[in-house]
Amino acid sequence: QVQLVESGGGLVQSGGSLRLSCVASGNIFDIYVMGWYRQAPGKQRELVAASTSGGSPNYADSVKGRFTISRDNAKNTVYLQMSSLKPEDTAVYSCWADGIQLSYGRVYDLWGQGIQVTVSS
């Protein structure tokens, strides 16, 4: 069984920083893409950042220059370093992975449970 477990959320003041982590557990050989989505109250879920194996990361325009996504493939972990946080970054952040290669096949469209990030003004 494969699952994604996030950590690192919490409450931070405007202008502060947080780092989110997401670990994919299981007998994993490779993960094609890992990323982060977020959903604020009353808003649609949006892609924050994604990292494709061997490719360049993608970012939402609203976080470019402030957030950095990185991966440790040996640990099946993706990180989201968030800096210069703004109150509008407040949301539930969810880890996402696609194309997870296991010994018995591939898993697609896997989600973590979500983690709250709150930025106070």
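Buried, in these notes, means under 20% relative accessible area. I began with Ser 21, which sits in strand β3 of this predicted model. Its relative accessibility comes out at 14%, so I entered Ser 21 as buried. Setting aside residues up to four places away in sequence, I listed what Ser 21 touches and found Val 5, Glu 6, Ser 7, Trp 36, Val 78 and Tyr 79.

**Entry: the disulfide**

I searched the whole structure for disulfides and found 1. This disulfide joins Cys 22 to Cys 95, with 2.0 Å from S to S, and I noted that it ties together distant parts of the chain, since Cys 22 belongs to strand β3 and Cys 95 to strand β9, 73 residues apart. The angle about the S-S bond is -85°, and I recorded the link of Cys 22 and Cys 95 as left-handed. Are the two cysteines, Cys 22 and Cys 95, buried or exposed? I found Cys 22 buried, and Cys 95 as well.

**Entry: the nonpolar core**

I then turned to the largest nonpolar core, which holds 32 residues, and asked which members touch the most other members; these are Met 34, Trp 36, Leu 80, Met 82 and Tyr 93. Strands supplying at least two residues each to this core are β3 (18-25), β4 (28-39), β5 (46-52), β7 (67-72), β8 (77-82), β9 (91-102) and β12 (115-120). Of these, β9 gives the most, with 6 residues. As background I wrote down that nonpolar side chains tend to be buried together in soluble globular proteins.

I followed Leu 80 further and, leaving aside neighbours within four places in sequence, obtained contacts with Leu 18, Arg 19, Leu 20, Trp 36, Val 48, Ala 49, Phe 67, Thr 68, Ile 69 and Tyr 93. Two of these partners of Leu 80, Trp 36 and Tyr 93, are also on the list of core members that touch the most others.

**Entry: strand pairing around β4**

Which way do β4 and β9 pair, and over how many bridges? I read the pairing of β4 and β9 as antiparallel, over 10 bridges, and I noted Ile 31 opposite Ile 100 of β9. Strand β4 also pairs with β5, again in the antiparallel sense, over 6 bridges, and here Arg 38 has Glu 46 in β5 as its bridge partner. I logged β4 and β5 as a hairpin with 6 residues between them, and in the turn I found Gly 42 with a positive phi of about 80°.

**Entry: aromatic rings and a charge**

My search of the whole structure for aromatic pairs returned 3. Tyr 37 and Trp 96 make one that is edge-to-face, at 5.8 Å centre to centre and with 85° between the planes; this pair links distant parts of the chain, with Tyr 37 in strand β4 and Trp 96 in strand β9, 59 residues apart. Both Tyr 37 and Trp 96 are buried. I grouped Tyr 37, Trp 96 and Trp 111 as one aromatic cluster.

I next looked at Arg 45, whose charged end sits over the ring of Tyr 37, 5.7 Å from its centre. Arg 45 also lies over the face of Trp 111, at 4.1 Å from that ring centre, and I therefore have Arg 45 placed over two members of the aromatic cluster, Tyr 37 and Trp 111, under a cut-off of 6 Å.

**Entry: positive phi away from glycine**

Most residues other than glycine have a negative phi. I nevertheless found Asn 76 with a positive phi near 50°, in the loop between β7 and β8. The relative accessible area of Asn 76 is 14%, so I marked this residue as buried. Outside the four nearest places in sequence on either side, Asn 76 touches Cys 22, Val 23, Ala 24, Ile 28, Ile 31 and Met 34; Cys 22 among them is one end of the disulfide.

Ser 84 likewise has a positive phi near 50°, and I located this serine in the loop between β8 and β9. Why is Ser 84 counted as partly exposed? Its relative accessibility is 41%, and partly exposed is the class between under 20% and over 50%.

**Entry: Gln 3**

Last, I looked up Gln 3, in strand β1 (residues 3-7), and with a relative accessible area of 43% I put Gln 3 down as partly exposed. Not counting residues up to four places away in sequence, Gln 3 touches Val 23, Ala 24, Ser 25 and Leu 110. I also noted that Gln 3 and Gly 26, 23 residues apart in sequence, are 7.2 Å apart in space from C-alpha to C-alpha.

Methods: Residues are numbered from 1 along each chain as its sequence is written. This is a predicted model: local features need pLDDT of at least 70, side-chain atom pairs count only at pLDDT 80 or more; totals for chains, interfaces and linings use all residues. Side-chain values use heavy atoms; hydrogens and water are left out. A nonpolar core is a set of buried Ala, Val, Leu, Ile, Met, Phe, Trp, Tyr and Cys residues joined through side-chain atoms within 4.5 Å. Buried means under 20% relative accessible area, exposed over 50%, partly exposed in between (1.4 Å probe, protein chains only). Helices (H or I, at least four residues) and strands (E, at least two) are DSSP runs, numbered from the N terminus. Contact means heavy atoms within 4.5 Å. A disulfide is a pair of cysteine sulfur atoms within 2.5 Å. Two strands pair if DSSP finds at least two bridges between them. Rings of Phe, Tyr and Trp (its six-membered ring) pair if their centres lie within 6.5 Å; planes under 30 degrees apart count as stacked, over 60 as edge-to-face and the rest as tilted. A charge sits over a ring if NZ of Lys or CZ of Arg is within 6 Å of the ring centre and within 35 degrees of the ring normal.
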